[in-house]
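Me: I would like to go through this model by question and answer. Please keep each reply short.

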Amino acid sequence: MPFLALKIDVDTLRGTREGIPTLLRLLDRRQVSATFLFSLGPDHTGRALKRVFRPGFLAKVRRTSVTSHYGIRTLLYGTLLPGPDIGRLAAETMRSVDRAGHEIGVHTWDHILWQDHVAGKDPTWTRRQMRLAVDRFGEIFGRAPKVHGAAGWQMNDAAYALEEELGFTLASDVRGDAPFRPVVGGRALGVPQLPTTLPTLDELIGVDGITPENVAEHLLKLSLDGRDHVYTLHAELEGGQLAPVFEALLADWSHAGLRLGSMTGYAATLNLDALPLKGVGMGTVPGRSGMLAVPVSPT
């Protein structure tokens, strides 16, 4: 049967403190493993408001009720309120994920800073941001991270190469259809990419008649096409008001016979040495504003 990997992006302090415990309960109920990727530094979510002029951003805000999912306080972090240090304030909650037996890895240091700027930054800036995240991960867990999943699916060429240098063995930084090994600057890199293949809840809800009440049914149909998939969920959404949707999805996926698990669990089903080589660039995804990292024909 096809494999469906669960990748959980934890973007904010609220998502860490409130979303993670909810997700752990839902996963434990089904005895399912997942991969949690943490934002480890300051929560500057409020600075995302400067995206207001980006095409499609306001439409997404209206569709997905950002305020109700993230909370007013979170939306002020980094603007009217100082950005709290997630790794300092919520380290014990992060450790609870590890104790529960789930895979853990790095999402980012500063989610908004990375998502809004990494595409245009140089290797020095990129190295500092990734090193901050890796070092904080080591402080919290006492070991180096092995899995990386970029905030907002935003990357640059240096970041792909740095994953190899910093000891990551698996990454899910891009949107795409199937696993591959990235080629950057004419060199095939050793860290395989397992792209997010399915749309996220915030990309679906409010489009073409899809609501919180029927989105699980829609997503189930997309995931039952006979292929392996990677589904990215967010602690702030599926661990918050949309927890019933995720609970329904877990039940439906299990009843359909899909193999559910972590990114490393998925990688274990693949011949990583035989993955196709693809270049990496930027493209668009329906329902999400801006450009995202995607595979392209290698040059």
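Me: Among contacts between residues at least 6 apart in sequence, what percentage join residues at least 24 apart?
Reply: This is a predicted model: local features need pLDDT of at least 70, side-chain atom pairs need pLDDT 80 or more, and totals for chains, interfaces and linings use all residues. Residues are numbered from 1 along each chain as its sequence is written, and side-chain values use heavy atoms, leaving out hydrogens and water. A contact means heavy atoms within 4.5 Å. Of the contacts between residues at least 6 apart, the share that joins residues at least 24 apart is 74%.

Me: What percentage of the 299 residues is buried?
Reply: The protein has 13 helices and 11 strands; these are DSSP runs numbered from the N terminus (helices H or I, at least four residues; strands E, at least two). Buried means under 20% relative accessible area, exposed over 50%, and partly exposed in between, with a 1.4 Å probe and protein chains only. Of the 299 residues, the buried part is 57%.

Me: Which helix gives the most residues to the largest nonpolar core?
Reply: A nonpolar core joins buried Ala, Val, Leu, Ile, Met, Phe, Trp, Tyr and Cys through side-chain atoms within 4.5 Å. The largest has 68 residues, and Leu6, Phe36, Phe38, Tyr231 and Trp253 have the most contacts inside it. Seven residues come from the top contributor, residues 123–141, which is helix 8.

Me: How many residues are in the core that lies apart from the largest one?
Reply: This other core is separate from the largest. Its members include Ala5, Val147, Leu170 and Met263. Its residue count is 10.

Me: Which residue of helix 8's core touches Val10, Ile20 and Met94?
Reply: Look among the residues with the most contacts inside the largest core. Neighbours within four places in sequence are left aside. The contacts then also include Ile104, Gly105, Val106, His107, Thr108 and Phe141. The residue is Phe38.

Me: Why is strand 3 largely enclosed by the rest of the structure?
Reply: Strand 3 runs parallel to strand 2 (residues 35–39), joined by five bridges; two strands pair if DSSP finds at least two bridges between them. One bridge links Thr35 to Glu103 in strand 3. Strand 3 is largely enclosed because its buried residues number six of the six.

Me: Which elements give two or more residues to the lining of the largest cavity?
Reply: On a 1 Å grid over the protein atoms alone, a cavity is a set of points where a 1.4 Å probe fits but cannot get out, a pocket is an open set with protein on both sides within 12 Å along at least five of seven lines, and lining residues have an atom within 4 Å of a point. The search finds one cavity of 30 Å³ or more, and about 40 Å³ of space lies in the largest cavity; points join across faces, edges and corners, and volume is the space filled by probe spheres set on them. Val106, His107, Thr108, Trp109, Trp114, Gln129, Met130, Ala133 and His148 line it. The elements are strand 3 (103–108) and helix 8.

Me: How many charged residues line the largest cavity, and how many line the second largest pocket?
Reply: Ala, Val, Leu, Ile, Met, Phe, Trp, Tyr, Cys and Pro count as nonpolar, Asp, Glu, Lys and Arg as charged, and the others, Gly among them, as polar. The second largest pocket holds about 220 Å³ of space. Of its 15 lining residues, Arg175, Pro199, Glu203, Val285 and Pro286 are the closest to its centre. The cavity lining has five nonpolar, four polar and no charged residues, while the pocket lining has seven nonpolar, five polar and, as charged residues, three.

Me: Which residue is the bridge partner of Gly283 in strand 11?
Reply: Four strands form an open, mixed sheet in the order 7-6-10-11. Its edge strands, each pairing on one side only, are strand 7 (187–188) and strand 11 (288–296). Strand 10 (residues 277–285) pairs antiparallel with strand 11 over six bridges. In strand 11, Gly283 bridges to Leu292.

Me: How far apart in space are Gly261 and Val32, C-alpha to C-alpha?
Reply: Gly261 lies in strand 9 (residues 259–261) and counts as buried at 5% relative accessibility. Beyond four places in sequence, Gly261 touches Phe3, Leu4, Ala5, Leu6, Ser33 and Ala34. Gly261 and Val32 are 229 residues apart in sequence, yet their C-alpha separation is 6.1 Å.

Me: Trp153 and Asp208: which one is exposed?
Reply: Trp153, in the loop between strand 4 (147–148) and helix 9 (157–165), has a positive phi of about 55°. Asp208, in the loop between helix 10 (201–204) and helix 11 (215–223), also has a positive phi of about 55°. Trp153 is buried, with a relative accessible area of 2%. At 76%, the exposed residue is Asp208.
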